Amino acid sequence: MKFSPPIKTILVLLLWLACIYKLYVDFDREYLFDSLIHKALIIIASIVSAFVINSDFSQYRQQKMLSSLFPSFTAVLCIAGLLLTTYLLKRQDQTRTIYYAVRNTGGLGQITLDFRENNTYKLGRHHFMSAHYQRGHYTLKDSVIYLDKSYAAEQIMSDRFL
C-alpha cells in the first residue's frame with residue numbers, strides 16, 4: 001500500500017513529535033518503566049521512518065523529483081530535533097553542584113535539594129521507584145539562600161536557608 005508524500009510527512013512528523021514531547025515532559029520525572037516507553041516510541045518512529053525513507057528513494061529513482069524526498073527530509077529534521085532536545089535537557093544537569101542537601105521523609109521517601117554554580121537549584125521528591133524534580137533559581141545574600149518559589153507543600157519549611 002502506497003501513501004502520498006503529504007500523508008507520509010504527517011505520519012513521520014506526528015510520530016517524532018510524540019517522541020520529543022514525551023521525552024520533554026518526562027525529563028523531570030522518573031518512573032520505573034519510563035525508559036522503556038521512550039525506547040518503544042523511538043523504535044516505532046524509527047521503523048516507520050526507515051520505511052518512509054526506503055519508499056521515498058525508490059519513488060525518487062522512478063520519478064527523479066526532489067519533492068518525493070520531502071518526507072525523508074522531515075524524518076531527518078525530526079531526528080535532529082530529538083537529539084537537540086535531549087542535549088539541551090541533559091545540559092541543565094551538567095553544572096557543578098556547590099551544595100547538596102537530603103531530607104528523609106519516612107519510609108522510602110526523600111527530598112533532595114541541589115544548588116548549582118549557575119544560581120539554579122533542582123528540588124527532588126523521591127518515592128519508591130519514582131522521582132519528580134522541580135527547578136528554579138536562587139539568590140545568596142548575607143549567608144542566606146533565597147529560592148524563587150515557595151515549597152511548603154513539599155515538606156520544605158521555607159524558601160530561605162542559612
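A crossing of two helices is termed left-handed if the near helix is turned anticlockwise from the far one by less than a right angle, and in this predicted model the crossing of H1 and H2 is left-handed. Helix H1 spans residues 5-25 and helix H2 spans residues 34-63, and the two pack with their axes 10 Å apart at an angle of about 155°. Because angles over 145 degrees count as roughly antiparallel, H1 is described as roughly antiparallel to H2. Divided by class, the contact of H1 with H2 comprises 14 nonpolar, five polar and three charged residues.

Helix H3, which covers residues 70-91, packs against H2 at an angle of about 150°, the axes of this pair lying 9 Å apart. H2 and H3 are therefore roughly antiparallel to each other, and the crossing of H2 and H3 is again left-handed. On the H2 side of this contact are Ile-42, Ser-49, Val-52, Ile-53 and Asp-56, which meet Pro-71, Ser-72, Ala-75 and Leu-82 in H3. In terms of residue class, six nonpolar, two polar and one charged residues form the contact of H2 with H3.

The remaining pairing is that of H1 with H3, whose axes come within 9 Å and cross at roughly 5°. With angles under 35 degrees counted as roughly parallel, H1 and H3 are therefore roughly parallel to each other. H1 contributes Pro-5, Lys-8, Thr-9, Val-12, Leu-13, Trp-16, Cys-19, Ile-20, Leu-23 and Tyr-24 to the contact, while H3 contributes Phe-70, Pro-71, Thr-74, Ala-75, Cys-78, Ile-79, Gly-81, Leu-82, Thr-85, Thr-86 and Leu-89. The residues of the contact of H1 with H3 divide into 15 nonpolar, five polar and one charged. Pro-71, Ala-75 and Leu-82 of H3 are thus listed both in the contact with H2 and in the contact with H1.

A search of the whole structure for enclosed space returns one cavity of 30 Å³ or more, and the largest cavity holds about 30 Å³ of space. The residues lining the largest cavity are Cys-19, Lys-22, Leu-23, His-38, Leu-41, Ile-42 and Leu-82, and the elements that supply two or more residues to this lining are H1 and H2. By class, the lining of the largest cavity consists of five nonpolar, one polar and one charged residues. Several of the lining residues also take part in the helix contacts described above: Cys-19 and Leu-23 of H1 belong to the contact with H3, Ile-42 of H2 is among the residues that meet H3, and Leu-82 of H3 appears in the contact with H1 as well as in that with H2.

Key: Residues numbered from 1 in each chain as written. Predicted model: local features only at pLDDT ≥ 70, side-chain atom pairs only at ≥ 80, totals over all residues. Heavy atoms only, no water. Axes fitted to C-alpha atoms, helices over the stretch in contact; angles between N-to-C directions. Helix = DSSP H or I, 4+ residues; strand = E, 2+ residues; numbered from the N terminus. Parallel < 35°, antiparallel > 145°, perpendicular 65-115°, else oblique. Nonpolar A, V, L, I, M, F, W, Y, C, P; charged D, E, K, R; others polar. Contact = heavy atoms within 4.5 Å. 1 Å grid on protein atoms, 1.4 Å probe; cavity = no way out; pocket = protein on both sides within 12 Å on 5 of 7 lines; lining within 4 Å. Points joined across faces, edges and corners; volume = space filled by probe spheres on them.
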